[in-house]
Amino acid sequence: MAKAMESFSTGEAVRISGVSFRNIDYWARTKFIAPSIAEAKGTGTERRYSFSDLLALRVARELREAGVSTQSLRRVVEFLRTRKGLTNPLAECHLIVTGSDVQVASTPEKMMSALRRPGQTSFAFVFDLARTLDEMKQEIDSRERKPPARASAPLPARGRATRRAV
């Protein structure tokens, strides 16, 4: 993983994030995703990005590929900066695209809309099939290692009168 003080040039950011130079330049100039290490200050200076910045660029690219418009991404980022006080929300949040909304997951069960109904919370349930299969396999394996238990069938009732239909 990248060192805490390591920085990356714009060219490295393009290669690592997969975002075009043109988009990175535009996003930096409009402060959508600005470099946190060093801004360009005139001719001959270079922007320097942190690892967290690269992560934000990559997340933005993947959200764009998932169909979220740049305008919608800007609204999500602005909402998270003001509501949650985050400086780099695309690198600090778990985001989920659900149809035409972007949800922020604070826990695996609790999500909050950041686009369609900003601040509206919802609760989600995701069935973890892989975990369930693993648990079942462990139960089967442990059963196979134990001696078979005697099946206990109910004993026939003694002394109980049976009624006959007349």
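Begin by selecting Ser 72, which you will find in helix α4; keep in mind throughout the tour that the structure on your screen is a predicted model. Ser 72 counts as buried because its relative accessible area is 11%, under the 20% cut-off. If you display side chains here, you can see that the side chain of Ser 72 forms a polar contact with that of Ser 69, at 2.9 Å.

From there, move to the nonpolar core. The largest one comprises 29 residues, and those with the most contacts inside it are Phe 32, Ile 33, Leu 57, Leu 80, Leu 90 and Leu 95. Helices α2 (21-29), α3 (51-65) and α4 (70-84), together with strand β2 (101-105), are the elements that each give two or more residues to this core. Now select Phe 32 and show what surrounds it: leaving aside residues up to four places away in sequence, Phe 32 touches Trp 27, Ala 60, Leu 73, Arg 74, Val 77, Arg 81 and Leu 90.

Next, highlight helix α3, whose 15 residues reach 21 Å from the first C-alpha to the last, close to the 21 Å expected at 1.5 Å a residue. Which residues of α3 are buried? Color Asp 53, Leu 54, Ala 56, Leu 57, Ala 60, Arg 61 and Leu 63 to see them. These buried residues pack against α1, α2, α4, α5 (89-92) and β1, so it is worth showing those elements alongside the helix. Following α3 along the chain brings you to Gly 67, which has a positive phi near 105°.The strands come next. Select β2 and ask how many of its residues are buried. The count is 5 of the 5, so β2 is largely enclosed by the rest of the structure. In a regular strand, side chains alternate between the two faces of the sheet. Looking along β2, you can see Asp 101, Gln 103 and Ala 105 pointing one way, while Val 102 and Val 104 point the other way, and all are buried.

Add strand β1 (residues 94-98) to the view: β1 and β2 run antiparallel and are joined by 5 bridges. Across this pairing, Leu 95 stands opposite Val 104, and Val 97 stands opposite Val 102. Leu 95 has already appeared on this tour among the core residues with the most contacts. The two strands form a hairpin with 2 residues between them, and in the turn Gly 99 has a positive phi of about 65°.

On showing strand β3 (residues 110-113), you will find that β2 and β3 also run antiparallel, with 3 bridges joining them. One residue to pick out is Gln 103, whose bridge partner in β3 is Ser 113. Between β2 and β3 lie 4 residues, and this pair of strands forms a hairpin.

For the last stop, go back towards the start of the chain and select Gly 11, which is placed in helix α1 (residues 10-17). Is Gly 11 buried or partly exposed? Gly 11 is partly exposed, since its relative accessible area is 48%. Finally, draw a distance between the C-alpha atoms of Gly 11 and Phe 21: these residues are 10 apart along the chain, and the two atoms are separated by 7.4 Å.

Definitions and conventions: Residues numbered from 1 in each chain as written. Predicted model: local features only at pLDDT ≥ 70, side-chain atom pairs only at ≥ 80, totals over all residues. Heavy atoms only, no water. Core = buried A, V, L, I, M, F, W, Y, C linked by side-chain atoms within 4.5 Å. Buried < 20%, exposed > 50% of the residue type's maximum accessible area, 1.4 Å probe, protein only. Contact = heavy atoms within 4.5 Å. Pairing = 2+ DSSP bridges. Expected span 1.5 Å × (residues − 1). Polar contact = N/O pair within 3.5 Å; in protein donor to acceptor, adjacent residues only side chain to side chain.
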